[in-house]
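I opened this model to look up a few things and write them down as I went. The entries below follow the order in which I checked them.

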Amino acid sequence: MPELPEVETIRRGLSTLIVGKIVQQTHNYGSPKSFPNTSADVRQFLVGAAVSDVKRRAKALLIELSSGYTLVCHLKMTGQIIVVSDHNRWGGGHPSDSFIHGLPDTTTREHIDFTDGTRLYFNDLRKFGWMKLYPTLEVPNIDFMRKLGPEPLESAFSASNFIPRVRRRNGTSIKAAVLDQTVLAGVGNIYADESLWAAKIHPACKVANVPDEKLKVLLNEVKTVMRLSIEKGGSTDKNYVNAEGKKGSYLSFAKVFRREGQPCPRCGTTIVKTRVAGRGTHLCPQCQSL
DNA sequence: CACTTGACCTGTCCGC
DNA sequence: TGCGGACAGGTCAAGT
């Protein structure tokens, strides 16, 4: 569920909450793999290191350390990263911050303690997410990173760059192509549906049948939708929260996602939910004809 | 090679 | 009420 806007929201939170803090210890809650303290020789680059920066690439968080290592985190579907300060931990927090008061909970996989008493929780109900240490210089070369397409919000990523990339997937549906992280990075199911609706393209339409002009519109809509969502703190469908444990409000601005049975905001036709590219897909059958 | 489907997990919701 | 099954959707591996 965390897509680009959600991960970017977490990144912004982390950069104010943990940059400059020093790792004191880590604790694993019995999760078998994919966590940094499974190997002592790697863990030495975590404990004692200061957080120097927090970056994002696609849907991955990059927590850079003064040791020359980077903690790379992918939240997949249900991952959360929540930072709790001493202030909250000892009862000074706001009563509405129930996530914070309930931690750790049954979904907690790992926590990292900083020397000032701040604690970072990595929660993941479905255990698809991972957190791994890599030498910072090698991060761009790890398999997951090398295959990624451009960041949609980089101004240099224009239609002239996007169109040939999508055309490599001419044989598949436009939705599958937009979800393909090698075409462009960071779009997931929510923002694929939203941007295809905005561009008036049927998600099941073959890429080959979408004219360049429409692909150009689509890229612009992807950018617009992503920017709005970041502004709204991302989408909370079920369990996404930001680094302070708070929900995002983008879904109240969504036009089709999770709105099956409701009228299309553009033409009033009832929004339907179908299956495209193996995913639940929301669309307006009037605006988005095949 | 290009593309699609299933696996990875666990909680929730729906129908019987 | 309880139970089984479908579903949620990011990414990789396996299958067509």
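**Cavity**

I began with enclosed space and found 1 cavity of 30 Å³ or more in the structure. I note here that the model is a predicted one. The largest cavity holds about 40 Å³ of space.

Which residues line the largest cavity? I listed I18, V23, L46, V51, I63, L65, L71, I112, F114 and L120. I then sorted this lining by class and got 10 nonpolar residues, with no polar and no charged ones. Next I looked up which strands contribute at least two residues each to the lining, and they are β3 (60-65) and β6 (108-114).

**Sheet**

I followed β6 into its sheet. The sheet is open and has 4 strands, paired antiparallel in the order β1-β6-β7-β5. From one strand to the next, the twist averages 15°. Why is one side of β1 and of β5 left without a neighbour in the sheet? β1 (23-28) and β5 (79-84) are at the edges and each has a single partner strand, so one side of each has no neighbour there.

I then took the pair β6 and β7. β7 covers residues 119-124, runs antiparallel to β6 and is joined to it by 5 bridges. I looked up the partner of I112 and found L120 in β7. I112 and L120 had both come up already in the lining of the largest cavity, so I record the link: these two lining residues are also bridge partners.

**DNA strand B**

I turned to the DNA and asked which residues are around DNA strand B. They are L125, R126, K127, F128, R168, R169, G171, T172 and K238. Of the strand's atoms that come within 4 Å of the protein, 68% belong to sugar and phosphate. By class, the residues of this surface are 5 charged, 2 polar and 2 nonpolar.

I checked individual polar contacts next. What does the side chain of R126 approach on DNA strand B? An N or O atom of that side chain is 2.5 Å from a base oxygen. For K127, I noted a polar side-chain atom 2.7 Å from a phosphate oxygen of DNA strand B. At G171 the contact is through the backbone, where an N or O atom lies 2.9 Å from a phosphate oxygen of the strand.

I closed the entry with these three contacts set side by side: R126 with a base oxygen, K127 with a phosphate oxygen, and G171 with a phosphate oxygen through its backbone.

How values were computed. Residues are numbered from 1 along each chain as its sequence is written. Chains are lettered from A and ligands numbered from 1 in the order in which they are written. This is a predicted model: local features need pLDDT of at least 70, side-chain atom pairs count only at pLDDT 80 or more; totals for chains, interfaces and linings use all residues. Side-chain values use heavy atoms; hydrogens and water are left out. A residue is near a molecule or strand if one of its heavy atoms lies within 4 Å of it. A polar contact is a pair of N or O atoms within 3.5 Å; within protein, one must be able to donate a hydrogen and the other to accept it, and residues adjacent in sequence count only if both atoms are side-chain atoms. Ala, Val, Leu, Ile, Met, Phe, Trp, Tyr, Cys and Pro count as nonpolar, Asp, Glu, Lys and Arg as charged, and the others, Gly among them, as polar. On a 1 Å grid over the protein atoms alone, a cavity is a set of points where a 1.4 Å probe fits but cannot get out, and a pocket is an open set with protein on both sides within 12 Å along at least five of seven lines; lining residues have an atom within 4 Å of a point. Grid points are joined across faces, edges and corners, and a volume is the space filled by probe spheres set on the points. Two strands pair if DSSP finds at least two bridges between them. Axes are lines fitted to C-alpha atoms, for helices over the stretch in contact, and angles run from 0 to 180 degrees between N-to-C directions.
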